[in-house]
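Work through these short exercises with the model open beside you. Try each task before reading its solution.

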Amino acid sequence: MYKSVETILVDIPTIRPHKLSVATMQTQTLVLVKITTVDGIVGWGEATTIGGLSYGEESPESVKSNIETYFSPLLCALGDLNLSQTLQKLHKAINGNRFAKCAIQTALLDIQAKRLGLPLSELLGGRLRDRLPVLWTLASGDTDKDIAEAKQMIAAKRHNIFKLKIGSNPLQHDVDHVIAIKQALGAEISVRVDVNRAWSELECVNGIQQLQDGGIDLIEQPCAIEQVDTLARLTQRFDVAIMADETLTGPASAYRLAKQHAADVFAVKIAQSGGLLEACEVGKIAKLAGIELYGGTMLEGPVGSIASAHVFSTFDRLAFGTELFGPLLLTQDILKTPLQYENFELVVPNSPGLGIEIDEDRVEQLRR
């Protein structure tokens, strides 16, 4: 049984402005969930979003309110149900709220894995890798600054794959910006773009053709969420890989996209999927449909990032790597021992549960 459910908002400045088509972030709000069982086991989860309601349907404030109002009383009223039964009760009682459900599920899986003395990945079928390649997003909006930042990352052996956030400027400005960076970094460095659903279909045809000709490797969510037919046409038209992101909201949407072959790649995100178990289902659907995988992020802090890493470590193929750099974008850490990034990769912990230790004093200092 569960004794308490606490939801904490933590505001942490980013190391630099992070510019997307929908917002420019200078602070990230982590939504941390701490669940304590009656026998004293503590599990942690995270439900971080990007840019409040400018990005999606849940905000840090709505997640906190809904967990405190709906999830917490229900969890604490449940008897000795197993994990699957508990999650089933939550899904029947509460509609939507994928981010909140992901945070709760993460904490419950953390508790179960700690109780069994296993890394969380072993509850998800077992890991196939202990390290994950991690790219870095260049999002200052300034070409020279982005080139300098990328070269610094390569020299430090921290990242050698880069993604650019575009879509907030005129199309040609963005395309020229991306191609200039690609030319400066060279043929051996992979450069991708995330349009964050900013372009019309005509703009997509124009922009993607130029980016493909310029040696860009991946185009992420170029059109609006609901324009699945457009996404399918672009996938069939171009050789460069087209990736579904915001339009991918869990297993049901993954099935619909796969059935239409509306993307070459799925950006799997635990929060957008509604939980770690659902993210694994998205991965299975992609595998059966011959669609490649990419480990996405909501720019979570260390809790959500390492939860994602446990999921991605179980994927048979991870052709386009991962984007689990969220903790590196923050000016403060909330772990007693930071996550281990080295040789362009993130190390997935082997200790029980998530394999991290929260610095609760630091969380208390940073909480809103």
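**Exercise 1.** How much area does the chain expose, and what share of it do carbon and sulfur atoms supply?

Solution. The model is predicted: local features need pLDDT of at least 70, side-chain atom pairs count only at pLDDT 80 or more, and totals for chains, interfaces and linings use all residues. Residues are numbered from 1 along each chain as its sequence is written, and side-chain values use heavy atoms, without hydrogens or water. The exposed area is about 14,400 Å² (Shrake-Rupley method, 1.4 Å probe). Carbon and sulfur atoms supply 48% of that area.

**Exercise 2.** Describe the overall build of the chain.

Solution. Start with secondary structure: 12 helices and 13 strands. These are DSSP runs, with helices (H or I) of at least four residues and strands (E) of at least two, numbered from the N terminus. Next, take the radius of gyration over C-alpha atoms, 20 Å. The globule rule (2.2 Å times the number of residues to the power 0.38) gives 21 Å for 368 residues, so the chain is as compact as a globular protein of that length. Then check burial: 58% of the 368 residues are buried (under 20% relative accessible area, 1.4 Å probe, protein chains only). Last, count contacts (heavy atoms within 4.5 Å). Among those with a separation of 6 or more, 73% join residues 24 or more positions apart.

**Exercise 3.** Which residues does UniProt list for "active site", and why do they gather at one spot?

Solution. The unreviewed UniProt entry lists Lys165 and Glu323. UniProt positions follow the numbering used here, feature names are shortened, and annotations may be inferred rather than shown by experiment. The two span 159 residues in sequence, yet no two of their C-alpha atoms are more than 12.8 Å apart, so they gather at one spot.

**Exercise 4.** Characterise the surroundings of each listed residue.

Solution. Take Lys165 first. Lys165 sits in strand S6 (residues 161–165). Its relative accessible area is 16%, so Lys165 is buried. Its side chain makes a 2.7 Å polar contact with that of Asp194. A polar contact is a pair of N or O atoms within 3.5 Å; within protein, one must be able to donate a hydrogen and the other to accept it, and residues adjacent in sequence count only if both atoms are side-chain atoms.

Now Glu323. Glu323 lies in the loop between helix H11 (302–312) and strand S12 (341–342). Glu323 is buried, at 4% relative accessible area. Leaving aside neighbours within four places in sequence, its contacts include Val134, Lys163 and Gly295. Tyr294 is also in contact with Glu323, and their side chains share a polar contact of 2.6 Å.

How values were computed:
Buried means under 20% relative accessible area, exposed over 50%, partly exposed in between (1.4 Å probe, protein chains only).
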